Amino acid sequence: MFLEGMKIMLGDKTCVKVEEVVCGDILMTENFAQVKVIAVIDGQEDAVTYIKLQSGGNIVVSADQKFLTAKGLVEAKDLTVGEKLISTNLAEKVIETIRIQDNKKKVYGFYLEGKNLLVNVNGFWLNSCID
């Protein structure tokens with residue numbers, strides 16, 4: 001699930017907030033294919049993961065959000081300091097600090113045509129699959 005306010009890339013390479021995505025929108029995937037959103041759900045997340053990168057910048061995601069890393073897909077809550085996240089330009093971004101905090105946040109999720117697709121959210125490849 002994606003936190004409210006996160007930016008997601010549409011098929012036309014423009015970015016919108018996740019809460020603005022609607023059924024029928026086309027999202028860009030990790031292989032630059034385009035995939036249609038067939039359902040949008042929303043809810044509330046109880047835990048949030050705060051990640052600071054060595055190269056600068058911060059990422060805030062739900063604790064169960066899956067990132068593409070040098071080791072494959074890893075849930076945010078299982079990431080460790082020093083681990084390398086893969087950005088959308090395929091650069092490796094090293095985690096400097098990470099913490100999980102109880103913090104209720106509104107989240108959104110999408111059912112897409114296809115399974116286990118990665119979508120561009122805030123410059124990183126994140127798993128779009130809803131378990």
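**Exercise 1. A short-range salt bridge**

Task: In this predicted model, determine which residue meets the side chain of Glu-75 in a salt bridge, and how exposed that partner is.

Solution. Step 1: The side chains of Glu-75 and Lys-77 meet in a salt bridge, with 3.0 Å from N to O. Step 2: The criterion is a side-chain nitrogen of Lys or Arg within 4 Å of a carboxyl oxygen of Asp or Glu, so the pair qualifies. Step 3: Lys-77 has a relative accessible area of 43%. Values between 20% and 50% count as partly exposed, and Lys-77 is therefore partly exposed.

**Exercise 2. Further salt bridges**

Task: State how many salt bridges the whole structure contains, and describe those formed by Lys-84 and by Asp-46.

Solution. Step 1: A search of the whole structure yields 6 salt bridges. Step 2: One of them links Lys-84 to Glu-92, whose closest N and O atoms are 3.6 Å apart. Lys-84 is partly exposed at 37% relative accessible area, and Glu-92 is partly exposed at 44%. Step 3: Another joins the side chains of Asp-46 and Lys-104, at 2.9 Å from N to O. Because Asp-46 belongs to strand E5 and Lys-104 to strand E10, this pair ties together parts that are 58 residues apart in sequence. Step 4: Asp-46 is partly exposed, with a relative accessible area of 45%, whereas Lys-104 is exposed, with 56%.

**Exercise 3. A hairpin**

Task: Describe how strands E5 and E6 are arranged relative to each other, and identify the turn residue with a positive phi.

Solution. Step 1: Strand E5 covers residues 34-53 and strand E6 covers residues 58-62. Step 2: The two strands pair in the antiparallel sense over 5 bridges. Step 3: Val-48 stands opposite Ser-62 of E6. Step 4: E5 and E6 form a hairpin with 4 residues between them. In the turn, Gly-56 has a positive phi of about 100 degrees.

**Exercise 4. Positive phi outside glycine**

Task: Locate Lys-13 and Leu-90, and decide whether each is buried or exposed.

Solution. Step 1: Most residues other than glycine have a negative phi. Step 2: Lys-13 has a positive phi, near 70 degrees. Lys-13 is placed in the loop between strand E2 (7-9) and strand E3 (15-17). Step 3: The phi of Leu-90 is likewise positive, near 70 degrees. Leu-90 is in the loop between strand E9 (84-86) and strand E10 (92-112). Step 4: Exposed means over 50% relative accessible area. Lys-13 has 60% and is therefore exposed; Leu-90 has 64% and is also exposed.

**Exercise 5. The surroundings of Tyr-50 and Thr-97**

Task: Identify the residue whose charged end sits over the ring of Tyr-50, and list the contacts of Thr-97 beyond its neighbours within four places in sequence.

Solution. Step 1: The charged end of Arg-99 sits over the ring of Tyr-50, at 4.3 Å from the ring centre. Step 2: Thr-97 is part of strand E10, and it is partly exposed, with a relative accessible area of 39%. Step 3: With its neighbours within four places set aside, Thr-97 is in contact with Tyr-50, Ile-51, Lys-52 and Val-81. Step 4: Leu-10 stands 87 residues from Thr-97 along the chain, and the C-alpha atoms of these two residues are separated by 30 Å.

Notes
Residues numbered from 1 in each chain as written. Predicted model: local features only at pLDDT ≥ 70, side-chain atom pairs only at ≥ 80, totals over all residues. Heavy atoms only, no water. Pairing = 2+ DSSP bridges. Buried < 20%, exposed > 50% of the residue type's maximum accessible area, 1.4 Å probe, protein only. Lys NZ or Arg CZ within 6 Å of the ring centre and 35° of its normal. Contact = heavy atoms within 4.5 Å.
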